[in-house]
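Please find below my notes on the charged pairs and on one loop position, set out as numbered points to be read alongside the model.

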Amino acid sequence: MSVYLIQHITTNKTAVDLAIAFYSKLQLTLFKKCINCWVDYKKNSVFYLIKATDKNDIKKLYYKSINLLPYKISSVNSHLAYALLKSEQQLNVIQSEFNYNFHEHSVLFLAKAFNKKLLLCKLKKHKVHETLLYKKTIIQNLIHSYGGSQIETKEEAFIACFPSFKKAFDCSVSIQKRLNKKIDCFPVKIILHPYDYNQETSFSHSTISKLIEVLYFIKTKKQLIISSQIVNSSAYSEYTYFKNDNISFRLNSETEKFLLSLLDTISKNYQNPNFNIPDIASLMMMCKTKLYRNCKAATGKSINQIVKEFRLLKSIKSITVGTSDISQTSIEVGFNSSSYFSNCFKKKFGISPTTLQKQQEELNIPYYI
């Protein structure tokens with residue numbers, strides 16, 4: 001495995017922060033392969049030293065970053081790498097700022113920054129990219145400035161960790177103040193949830209997806225949602241002013257457990273076109289009346305509406321990045337009729353699935369944003 005020097009040419013403080021935040025993200029996934037990172041303001045550059053198999057391996061790291069590409073990737077031997085690290089130029093070494101320490105009060109921050117309806121039909125191509133770039137840069141910079149560390153970008157959500165609830169809360173408030181007054185009228189929705197670093201793998205693949213779904217379906221006009229697990233913790237009780245704020249929605253244990261259980265049940269069965277309310281009630285071990293009442297209270301929608309919208313959301317990935325035609329996609333997400341699927345899709349998103357499929361290559365909007 002060789003050592004590579006990666007250079008990013010920056011133009012302003014925002015560009016520097018974005019490059020630094022990206023290195024912070026790499027540290028979580030690459031660990032010891034990340035040797036160091038520093039800023040040379042005289043050369044207007046940010047440098048990384050990273051171990052990798054080859055240059056292609058490094059380029060893959062930038063696959064999901066729509067606004068960050070390396071200016072130059074150079075192979076260096078161990079002697080040059082040592083010389084760079086011990087340089088007398090007194091470069092601004094920043095690696096120590098990003099040694100993220102997880103502990104019992106670590107908090108997962110999940111921000112749903114991009115509304116699919118916005119991406120599909122509301123803005124012209126240049127406006128879409130402008131909005132994506134602006135929101136992504138602001139969120140990443142604020143995560144960094146409040147001591148957070150970005151884990152990944154999953155679908156339309158940003159996922160980061162903070163060492164305390166206070167930092168996660170303050171960052172969330174700042175993001176909302178910066179972005180929620182914008183003309184696009186699709187505000188950033190955020191959920192804060194405890195993060196167990198010792199169970200990172202299982203946590204990442206199960207809970208995160210469910211939390212994204214909770215953000216979509218939960219019934220509240222407030223844009224900051226706090227998990228009941230935080231509300232009931234000692235970390236939350238230390239800050240009394242959080243309890244009296246008028247910007248956050250605090251989930252209670254019963255509602256949170258119900259939503260997670262409901263969405264987990266639907267996610268495992270939505271592809272079955274015969275999946276219905278009695279099936280859901282049976283799997284969740286409650287009567288249909290209680291199921292309907294709890295669903296209406298938590299989401300403001302009926303069970304049938306939840307299942308249909310869940311299927312429509314799942315169809316977008318197949319349409320935008322898959323190879324299936326519309327008929328096949330409708331079957332894959334549990335619709336018996338492709339025409340009914342198309343009508344529901346257009347009513348929900350303002351664009352037909354066929355039109356979306358044709359425009360996808362031109363729009364070049366990655367699904368994971």
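1. In this predicted model, Lys314 forms a salt bridge with Glu213, with 3.8 Å between the closest N and O atoms. Lys314 belongs to helix 14 (residues 303-321) and Glu213 to helix 7, so the pair ties together parts of the chain that lie 101 residues apart in sequence. The two partners are not equally accessible: Lys314 counts as partly exposed because its relative accessibility is 30%, whereas Glu213, at 13%, is buried because the cut-off for that class is under 20%.

2. Helix 7 (residues 200-217) also carries Lys210, which is linked to Asp264 in helix 11 (residues 253-269) across 54 residues. The closest N and O atoms of this salt bridge, Asp264 with Lys210, are 3.5 Å apart, and Lys210 counts as partly exposed at 24% relative accessibility.

3. A further salt bridge joins the side chains of Lys301 and Glu309, at 2.7 Å from N to O, and both of these residues are buried. Elsewhere, salt bridges with shared partners connect Lys210, Asp264 and Lys268 into one network. The count of salt bridges comes to 6.

4. Turning to the loop position, where is Met284 placed? Met284 sits in the loop between helix 12 (277-283) and helix 13 (288-299), and with a relative accessibility of 11% Met284 counts as buried. Leaving aside residues up to four places away in sequence, Met284 touches Phe258, Ser261, Leu262, Thr265 and Leu291. For Thr265, the C-alpha to C-alpha distance from Met284 is 7.6 Å, with their positions 19 residues apart in sequence.

Definitions and conventions
Residues are numbered from 1 along each chain as its sequence is written. This is a predicted model: local features need pLDDT of at least 70, side-chain atom pairs count only at pLDDT 80 or more; totals for chains, interfaces and linings use all residues. Side-chain values use heavy atoms; hydrogens and water are left out. Helices (H or I, at least four residues) and strands (E, at least two) are DSSP runs, numbered from the N terminus. Buried means under 20% relative accessible area, exposed over 50%, partly exposed in between (1.4 Å probe, protein chains only). Contact means heavy atoms within 4.5 Å. A salt bridge is a side-chain nitrogen of Lys or Arg within 4 Å of a carboxyl oxygen of Asp or Glu.
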